[in-house]
Amino acid sequence: MKILVTGGAGFIGSALVRYIINNTNDSVVNVDKLTYAGNLESLIDVSGSPRYEFVHQDICNRQELDKILEEKRPDVIMHLAAESHVDRSIDGPSEFMQSNVLGTYSLLEAARNYWNGLGEKEREEFRFLHVSTDEVYGDLEGTEDLFTESTAYSPSSPYSASKAASDHLVRAWHRTYGLPALITNCSNNYGPYHFPEKLIPLMIINALEGKPLPVYGDGLQVRDWLFVEDHARALYKVVSQGGIGETYNIGGHNEKTNIYVVKYICELLEEFVPEKPKGVSSYVELIEHVKDRPGHDLRYAIDATKIGNDLGWTPEETFESGIRTTVEWYLNNKEWWERVRDGSYKGERLGVSV
Ligand code: NAD
């Protein structure tokens, strides 16, 4: 297959591109705008492959998308490009509406136009996979319920509302125009190459530097954590074996409170880096409870039975094994995150001017 991946320079997108190049014979065209979250240095291991190609483009640019599709002629599209950080969506929702809603609309229209022009066999085999989040389902506070594929949408933040809107567009394009689309809704990911503003890398890096570990409210918010490489495998399974028009929930069966996650990271650091920054006697003492995020959902939890039964996917990592790998990765790849933090991953990045 030739796979066009949008957002392939992001956290999950880069894990997906690495997975495809390292584990299959498929080729990848990575279309990414390189926002602050796009980092071509996450792709260094695979960017030399003759099966990998980068195209610097905004998915909102319909004309350019048409040209890219016409020229590259992908067999499938895997759509991950989005603004993804909830706190940023609260501070400024505009970019989220632009990229997540209008960008998805623009990509759907370009895909529909391209798909309509394909020959019969290619049309039949073409797939459009839209990668979404469990946050579209809203909050499970006060229940023991799990999100299933038929749970009603009830997004709480500008981010999740924009993702919900994009999911609705994809379903409508499938139902109205017959576009062979599939949707995945996944829980919180973690792992290597995660941008340092997100909870897990932020805690690891702050602890190493003896800085406070800010935890929202009481820290009892529950998330179902999935190792990013398990997610990449699931996405590849869905795009190659999933049913047209189907939705698949993807989760790790790893419901943990935020405070558990932070304390567990502290424990691992005690083991890996017992020599702490000056004035710090234990990492856990760096935890600081800060004012809760507005509209903060208390609990998300995924029922991933369908993808297990229908496609035979289950996560390979437990939370404890995945977080160990992740902490070790951050300890061994200081240069990657230091270049993100000081901004040097931007600018004339690897020959791409941004
Ligand atoms: P990310 O923020 O790390 O990466 C997003 C990528 O998209 C970046 O490379 C960015 O440059 C690119 N991008 C943004 N706007 C673009 C535009 N208009 N045109 C082209 N490229 C653009 O995000 P992520 O965490 O890798 O998430 C990827 C997808 O998976 C998103 O759609 C997100 O909603 C979804 N998702 C994320 C999680 C999670 O825990 N991170 C969980 C479930 C689903």
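**Figure 1. The largest nonpolar core of this predicted model.** The core holds 37 residues, and Val5, Met78 and Ile307 touch the most other members. Eight elements each supply at least two of its residues. The strands are strand 1 (2-6), strand 4 (76-79), strand 5 (127-133), strand 6 (181-186) and strand 11 (247-250). The helices are helix 1 (11-23), helix 8 (228-241) and helix 10 (305-311). Helix 8 gives the most, with seven residues. In general, nonpolar side chains of soluble globular proteins tend to be buried together.

**Figure 2. Surroundings of Met78.** Leaving aside residues up to four places away in sequence, Met78 touches Ile3, Leu4, Val5 and Thr6. Leu16 and Ile20 also touch Met78. Further contacts of Met78 are Leu129, Leu235, Tyr236 and Val239. Apart from the core of Met78 lies another core, of 34 residues. Among the members of that other core are Met203, Ile204, Val215 and Trp336.

**Figure 3. Helix 7 and its cover.** Seven of the ten residues of helix 7 (residues 199-208) are buried, so this helix is largely enclosed by the rest of the structure. The buried ones are Ile200, Pro201, Met203, Ile204, Ile205, Asn206 and Ala207. Their cover includes two strands, strand 7 (189-190) and strand 8 (213-216). It also includes helix 9, helix 11 and helix 12 (334-341). Just after helix 7, Gly210 takes a positive phi of about 70 degrees.

**Figure 4. Packing of helix 9 against helix 11.** Helix 9 covers residues 258-272, and helix 11 covers residues 319-332. They pack at an angle of about 55 degrees, with their axes 10 Å apart. Helix 9 is therefore oblique to helix 11. The crossing is right-handed. Helix 9 makes the contact through Tyr260, Val261, Tyr264, Ile265, Leu268, Leu269, Glu271 and Phe272. Helix 11 answers with Phe319, Glu320, Ile323, Arg324, Val327, Glu328 and Leu331. Eleven of the contact residues are nonpolar, none is polar and four are charged.

**Figure 5. Trp225, a buried loop residue.** Trp225 is found in the loop between strand 9 (222-224) and strand 10 (226-227). Its relative accessibility is 4%, so Trp225 counts as buried. Asn188 is 37 residues away along the chain, yet the C-alpha atoms of Trp225 and Asn188 are separated by 5.0 Å. Residues up to four places away in sequence aside, Trp225 touches Asn188, Asn189 and Tyr190. Trp225 also touches Leu199 and Ile200. Its other contacts are Gly252, Asn254, Lys256, Asn258, Val261 and Phe319. Of these, Val261 and Phe319 also take part in the contact of helix 9 with helix 11.

**Figure 6. Gln57 in its loop.** Gln57 sits in the loop between strand 3 (52-56) and helix 2 (62-72). With a relative accessible area of 17%, Gln57 is buried, because the cut-off is under 20%. Residues up to four places away in sequence are not counted among its contacts. Gln57 touches Val31, Asp32, Lys33, Glu64 and Ile68.

**Figure 7. Packing of helix 2 against helix 4.** Helix 2 and helix 4 (residues 94-116) pack at an angle of about 40 degrees. Their axes lie 9 Å apart. Helix 2 passes helix 4 in a right-handed crossing. On the helix 2 side, the contact is made by Arg62, Leu65, Asp66 and Leu69. On the helix 4 side stand Ser106, Leu107, Glu109, Ala110, Ala111, Asn113 and Tyr114. The contact residues divide into six nonpolar, two polar and three charged.

Conventions. Residues are numbered from 1 along each chain as its sequence is written. This is a predicted model: local features need pLDDT of at least 70, side-chain atom pairs count only at pLDDT 80 or more; totals for chains, interfaces and linings use all residues. Side-chain values use heavy atoms; hydrogens and water are left out. A nonpolar core is a set of buried Ala, Val, Leu, Ile, Met, Phe, Trp, Tyr and Cys residues joined through side-chain atoms within 4.5 Å. Buried means under 20% relative accessible area, exposed over 50%, partly exposed in between (1.4 Å probe, protein chains only). Helices (H or I, at least four residues) and strands (E, at least two) are DSSP runs, numbered from the N terminus. Contact means heavy atoms within 4.5 Å. Axes are lines fitted to C-alpha atoms, for helices over the stretch in contact, and angles run from 0 to 180 degrees between N-to-C directions. Angles under 35 degrees count as roughly parallel, over 145 as roughly antiparallel, 65 to 115 as roughly perpendicular and the rest as oblique. A crossing is left-handed if the near helix is turned anticlockwise from the far one by less than a right angle, and right-handed if clockwise. Ala, Val, Leu, Ile, Met, Phe, Trp, Tyr, Cys and Pro count as nonpolar, Asp, Glu, Lys and Arg as charged, and the others, Gly among them, as polar.
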